[in-house]
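Trainee: I am new to this structure and would like to understand the terms used to describe it. May I put some questions to you?
Mentor: Certainly; please look at the sequence and the structure first.

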Amino acid sequence: MSESITARQKLESQQTENQAVAKEFAANNDEAVIYKLLGPVLLKQDKSEATMAVEARLGYIAKEIERVERQIGEARGESDRVRGEVS
């Protein structure tokens, strides 16, 4: 269960970072220059493409958080069941 909790914390951190990026994109005008870090190279990227990538990433992270939450719930249920059997 601790692995699932650690995974959830990591996902929540990634979600917060991506939400900050999405907020920055919303604050910038359409002519703002956006660069994507690809290894040691910065590549110029279209704002709409970058925005779609961040939104897709946020959707993926939200689904992963839900999946991990279900795992944590199942682990807690199993733990409670075993605890009940032992006592």
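The following exchange takes up the terms one by one.

Mentor: Please keep in mind that this is a predicted model.

Trainee: What pattern does the chain follow along the sequence?
Mentor: The pattern is α-β-β-α, made up of two helices and two strands.

Trainee: How do you know that the chain is not a compact globule?
Mentor: One sets the radius of gyration of the chain, 19 Å, against the value near 12 Å that a compact globule of 87 residues would have. The box filled by the C-alpha atoms gives a further description: roughly 65 × 25 × 15 Å along the principal axes.

Trainee: Why are β1 and β2 said to pair?
Mentor: Two strands pair if there are at least two bridges between them. Five bridges join β1, residues 34-38, to β2, residues 41-45, so the condition is met. The two strands run antiparallel. As an example of a bridge, Leu 37 has Leu 42 in β2 as its partner.

Trainee: What lies between the strands of this hairpin?
Mentor: There are two residues between them, and in this hairpin Gly 39 takes a positive phi near 65°.

Trainee: Why is Ser 79 called partly exposed?
Mentor: Buried means under 20% relative accessible area and exposed means over 50%, with partly exposed in between. Ser 79 has a relative accessible area of 29%, and therefore it is partly exposed. Ser 79 is found in helix α2, which covers residues 47-86.

Trainee: What makes Gln 71 partly exposed?
Mentor: The reasoning uses the relative accessible area of Gln 71, which is 33%. This value falls between 20% and 50%, so Gln 71 is partly exposed. Gln 71 is likewise found in helix α2.

Trainee: How many of the residues of the chain count as buried?
Mentor: Of the 87 residues, 18% do. The accessible surface of the chain comes to about 6,700 Å², and carbon and sulfur atoms account for 52% of this area.

Trainee: What separates Ser 79 from Met 1 in space?
Mentor: Their C-alpha atoms are separated by 9.5 Å, although the two residues are 78 residues apart along the chain. For Gln 71 and Tyr 35, which are 36 residues apart along the chain, the C-alpha separation is 37 Å.

Trainee: What share of the contacts with a separation of 6 or more comes from residues 24 or more positions apart?
Mentor: Such residues account for 65% of those contacts.

Notes: Residues numbered from 1 in each chain as written. Predicted model: local features only at pLDDT ≥ 70, side-chain atom pairs only at ≥ 80, totals over all residues. Heavy atoms only, no water. Helix = DSSP H or I, 4+ residues; strand = E, 2+ residues; numbered from the N terminus. Rg over C-alpha atoms; globule rule 2.2 N^0.38 Å. Buried < 20%, exposed > 50% of the residue type's maximum accessible area, 1.4 Å probe, protein only. Contact = heavy atoms within 4.5 Å. Areas by Shrake-Rupley, 256 points an atom, 1.4 Å probe, with all protein chains shown as cover.
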